[in-house]
Amino acid sequence: MTKENFYDILKKIPKAELHLHVEGMVSHDTVLFLYNRTCPEKKYTKKDIEELFKFRDFSDFISAFISIQQMFTIDDFSLLLRDMEKYFLRNGIVYSEVFIAPTSFIRAGMDFSKIMDIMVAGVREIKENHGIEIKYLIDVSRGFGLENALNNLNLTIELNKKYPEIIGIGLGGDENKGPATEFVQAFEKAKSARLKLVAHAGEVVGAESIEDAVQLLHVSRIGHGISSIFSEKVQKLLSEKNVALECCPTSNVFTKCYVKKIEEHPIKPLYKNGVPITLNSDDPTFFNVELLDEFYNLYKYLDFSLEDIKELICNSFEYSFLTPEQKKEYLDKVAAQWGVLFS
Ligand SMILES: [Zn+2]
């Protein structure tokens, strides 16, 4: 199949994306606008913004991510919502659970509840206009300690009562700066509040980090989890507990920890070994990759057949936090559309 055909067909299959950060969908135009508003004397150009998105390593990426967050004002979230809407439409995504991280916004003096009023109103409008459903997972960052995580959790508990779109928490940020053991109290409290739980783990730290997130934090999915390739025990744990990995291959190539190029990514052996896998883009603007590109990468460089790709698309709904009835509805649509396009 040609590249053009592949994109054309894959775009028309309904898909879900489960590991995506709202700030990661910000467009270059929005970033350019933010930079020029913050430092008008520097007169940034599009080329400067392209340079900004060239990272040397993981901490370089985290710094760029935080610096963009810090330029946001409350009015800019409507720009972000438009960027998100375009991203979902470009990729044929009909359902998503996206991360939003409160800490930098709160530290910049913003009221996070007000931000979420705007973000929830925005996704309701997107649903009304395009039928795309978006839910939020609030980040309780590893990098700022337990107290900060508990603050973010308490905000989430309050927001979850107000908005059904806010469904749970995710442990994000730099794994080296905050092991799972530090956040047990926050995740136990979240579990009692019936929130959905996920964690980034095994992205830049070994497989023990994944085991801790599953056993100590009781998460339903693991963000990245690629270091599980080094541990049969952890792969078995993921299969037995039916905890899916949210794989984001290009993101891992950019952060250069376990893989230096896409061909080295362990997603295929993990998939063949029976670890539940979903495919995601993480931060499309930062890594210059969108969900359709990631599917094409698997097809072209990682020996995934079209049937394997169909299974990953089904997994994106299967391992979401939708109800069994909602999952069935989406899966029926995938099967019907697949049948039409490949008949
Ligand atoms: Zn992520």
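In this predicted model, the charged end of Lys268 is placed over the ring of Phe304, at 5.3 Å from the centre of that ring. This arrangement brings together a charge and an aromatic ring, and both themes recur elsewhere in the structure.

Aromatic rings also meet one another. The structure contains 18 aromatic pairs. One of them joins Phe65 and Phe286, whose ring centres are 5.3 Å apart and whose planes meet at 45 degrees, a tilted geometry. Phe65 belongs to helix α4, whereas Phe286 belongs to helix α14 (residues 284-287), so this pair ties together parts of the chain that are 221 residues apart in sequence. Both partners are shielded by their surroundings: Phe65 is buried, because its relative accessible area is 11%, and Phe286 is buried as well, with a value of 1%. The rings of Phe254 and Phe287 make another pair; their centres are 5.4 Å apart and their planes stand at 50 degrees, so this pair is tilted too. Here helix α12 (residues 249-255) supplies Phe254 and helix α14 supplies Phe287, and the two residues are 33 apart along the chain. Phe254 is partly exposed at 24% relative accessibility, while Phe287 is buried at 1%. Aromatic residues may also gather in groups: ring pairs link Phe6, Tyr7, Tyr296 and Tyr299 into a cluster.

The discussion now turns to charged side chains. Side chains of opposite charge can pair when their charged atoms come close. How many salt bridges does a search of the whole structure find? The search finds 18 of them. In one, the side chains of Asp76 and Arg37 meet, with 2.6 Å from N to O. Asp76 lies in the loop between α4 (58-71) and α5 (77-91), and Arg37 lies in helix α2 (residues 28-38), so the salt bridge ties together parts that are 39 residues apart in sequence. The two partners differ in their surroundings: Asp76 is buried, with 3% relative accessibility, whereas Arg37 is partly exposed, with 35%.

A further salt bridge connects the side chains of Glu133 and Lys135, at 3.9 Å from N to O. Glu133 has a relative accessible area of 14% and is therefore buried; Lys135, also at 14%, is buried as well. Lys236 and Glu240 likewise meet through their side chains, with 3.5 Å from N to O. Are these two residues, Lys236 and Glu240, buried or exposed? Lys236 is exposed, and so is Glu240. Both lie in helix α11 (residues 232-241), and because they are 4 residues apart, about one helical turn separates them. Salt bridges can also join into a network, as they do for Glu97, Arg221 and Glu246.

The next feature is the sheet. Strands of a sheet pair through backbone hydrogen bonds, either parallel or antiparallel. In this model, 8 strands form an open sheet in the order β1-β2-β3-β4-β5-β6-β7-β8, and their pairing is parallel. Why is one side of β1 and of β8 left without a neighbour in the sheet? These two strands, β1 (15-17) and β8 (277-279), stand at the edges, and each has a single partner strand, so one side of each remains without a neighbour. From one strand to the next, the twist averages 25 degrees.

Within this sheet, strand β5 (residues 196-201) and strand β6 (residues 221-224) run parallel and are joined by 4 bridges. Ala201 stands opposite His224 in β6. The loop between α10 (208-217) and β6 contains Val219, which is buried at 4% relative accessibility. Although Val219 and Leu197 are 22 residues apart in sequence, their C-alpha atoms are 4.8 Å apart in space.

Finally, the nonpolar interior may be considered. The largest nonpolar core comprises 111 residues, and Met119 and Tyr136 have the most contacts inside it. Helix α7 (residues 112-130) gives the most to this core, contributing 7 residues. Which residues belong to the second, separate core? That core has 5 residues, among them Phe99, Leu137, Val198 and Phe321.

How values were computed
Residues numbered from 1 in each chain as written. Predicted model: local features only at pLDDT ≥ 70, side-chain atom pairs only at ≥ 80, totals over all residues. Heavy atoms only, no water. Core = buried A, V, L, I, M, F, W, Y, C linked by side-chain atoms within 4.5 Å. Buried < 20%, exposed > 50% of the residue type's maximum accessible area, 1.4 Å probe, protein only. Salt bridge = Lys/Arg side-chain N within 4 Å of Asp/Glu carboxyl O. Phe/Tyr/Trp six-rings, centres within 6.5 Å; stacked < 30°, edge-to-face > 60°. Lys NZ or Arg CZ within 6 Å of the ring centre and 35° of its normal. Pairing = 2+ DSSP bridges. Axes fitted to C-alpha atoms, helices over the stretch in contact; angles between N-to-C directions.
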